[in-house]
Amino acid sequence: MVPAYPATRYDPPLLVDLSSKAERERLSPSAIKAFFNIMETWRVRDEDARVLLGGVSNGQFYDMKKKPERMLDADTLTRISYLIGIFKALNILHSEKLADAWIKLANSNRIFGGGTPLAYMMKGGLPAMQTLRRLLDARRGGM
């Protein structure tokens, strides 16, 4: 007899296939708009926002800002997805005012080494974004 998972009425969510051009075309415009809205809300400088996107060029960044109807690569979509999750978690955990400021406040959590979560993400890239997202999701879960 082969062990099996117990029956459940919940199906796991389907994974988005970011290798699919059609999926990236579908998701990119709204992801770009969300990214720029979050950067404005957090008052992140354009230079820092470019780093969060993976170091895009000045021209590409401002072109993206003017014309969000474009297709992003899987890495950039993943980065924006983490930032959206971080934004959402902060707004669940804190008041709007604190949620919007938190990313730029010095933090005593040893992950950040006394620096800001924004600096941590800029320095650590995608792995740092994932760590921060997991930290905030754990806090939302009461850990």
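## Tyrosine 10 and the segment before H1

In this predicted model, tyrosine 10 counts as exposed because its relative accessibility is 58%, a value over the 50% at which that class begins. Tyrosine 10 is placed in the segment before H1, and its C-alpha lies 35 Å from that of glycine 124, a residue 114 positions away in sequence.

## Overall architecture

The protein has six helices and zero strands, so that the order of elements from the N terminus reads α-α-α-α-α-α, with helices defined as DSSP runs. Along its principal axes, the C-alpha trace spans about 60 × 40 × 25 Å.

Of the 143 residues in the protein, 32% are buried. Among the contacts with a sequence separation of 6 or more, 61% are accounted for by residues 24 or more positions apart.

## Helix H1 and the loop that follows

Alanine 34 has its place in helix H1, a helix that covers residues 21-42. Its relative accessible area is 21%, and alanine 34 is therefore partly exposed, since buried would require a value under 20%. Between alanine 34 and lysine 21 there are 20 Å in space, C-alpha to C-alpha, for a separation of 13 residues in sequence.

Arginine 43 is found in the loop between H1 and H2, where its phi is positive, at about 55°, although arginine 43 is not a glycine. With 64% relative accessibility, arginine 43 counts as exposed.

## The nonpolar core

In soluble globular proteins, nonpolar side chains tend to be buried together. Here the largest nonpolar core has 32 residues, and those with the most contacts inside it are Phe35, Met39, Trp42, Ile103 and Leu132. At least two residues of this core come from each of H1, helix H2 (46-52), H3, H4, helix H5 (96-102) and helix H6 (117-140).

Leucine 132, one of the core residues with the most contacts, is in contact with Ile86, Trp102, Ile103, Phe112, Pro117 and Met121, if its neighbours within four places in sequence are left aside. Leucine 136 is placed in helix H6 and is buried, because its relative accessible area is 0%. When neighbours within four places in sequence are again set aside, leucine 136 is in contact with Ile86, Ala89, Leu90, Leu93 and Trp102; Ile86 and Trp102 thus appear among the contacts of leucine 132 and of leucine 136. The C-alpha atoms of leucine 136 and glycine 85 are 9.0 Å apart in space, whereas the two residues are 51 positions apart in sequence.

## Aromatic pairs

A pair of aromatic rings is described by the distance of the centres and the angle of the planes. A search of the whole structure finds six such pairs. One of them is formed by phenylalanine 36 and phenylalanine 61, which meet edge-to-face with 5.3 Å from centre to centre and 65° between the planes. This pair links distant parts of the chain, since phenylalanine 36 belongs to helix H1 and phenylalanine 61 to helix H3 (residues 58-66), 25 residues away. Phenylalanine 36 and phenylalanine 61 are both buried.

Phenylalanine 112 and tyrosine 120 form another edge-to-face pair, with 5.3 Å between the centres and 90° between the planes. The partners fall into separate accessibility classes: phenylalanine 112 counts as buried because its relative accessibility is 8%, while tyrosine 120, at 21%, counts as partly exposed. Elsewhere, ring pairs link Phe35, Phe36, Phe61 and Tyr62 into a cluster; of its members, Phe35 is also named among the residues with the most contacts inside the largest nonpolar core.

## The largest pocket

The largest pocket holds about 310 Å³ of space. Its lining consists of 13 residues, and those that lie nearest the centre of the pocket are Val16, Leu18, Leu27, Leu77 and Ser81. Helix H1 and helix H4 (74-93) each supply at least two residues of the lining, and H4 gives the most, with five.

By residue type, the lining of the largest pocket divides into 10 nonpolar residues, three polar residues and no charged ones. H1 and H4, which contribute to this lining, are also among the helices that each supply at least two residues of the largest nonpolar core.

Methods: Residues numbered from 1 in each chain as written. Predicted model: local features only at pLDDT ≥ 70, side-chain atom pairs only at ≥ 80, totals over all residues. Heavy atoms only, no water. 1 Å grid on protein atoms, 1.4 Å probe; cavity = no way out; pocket = protein on both sides within 12 Å on 5 of 7 lines; lining within 4 Å. Points joined across faces, edges and corners; volume = space filled by probe spheres on them. Helix = DSSP H or I, 4+ residues; strand = E, 2+ residues; numbered from the N terminus. Nonpolar A, V, L, I, M, F, W, Y, C, P; charged D, E, K, R; others polar. Phe/Tyr/Trp six-rings, centres within 6.5 Å; stacked < 30°, edge-to-face > 60°. Buried < 20%, exposed > 50% of the residue type's maximum accessible area, 1.4 Å probe, protein only. Core = buried A, V, L, I, M, F, W, Y, C linked by side-chain atoms within 4.5 Å. Contact = heavy atoms within 4.5 Å.
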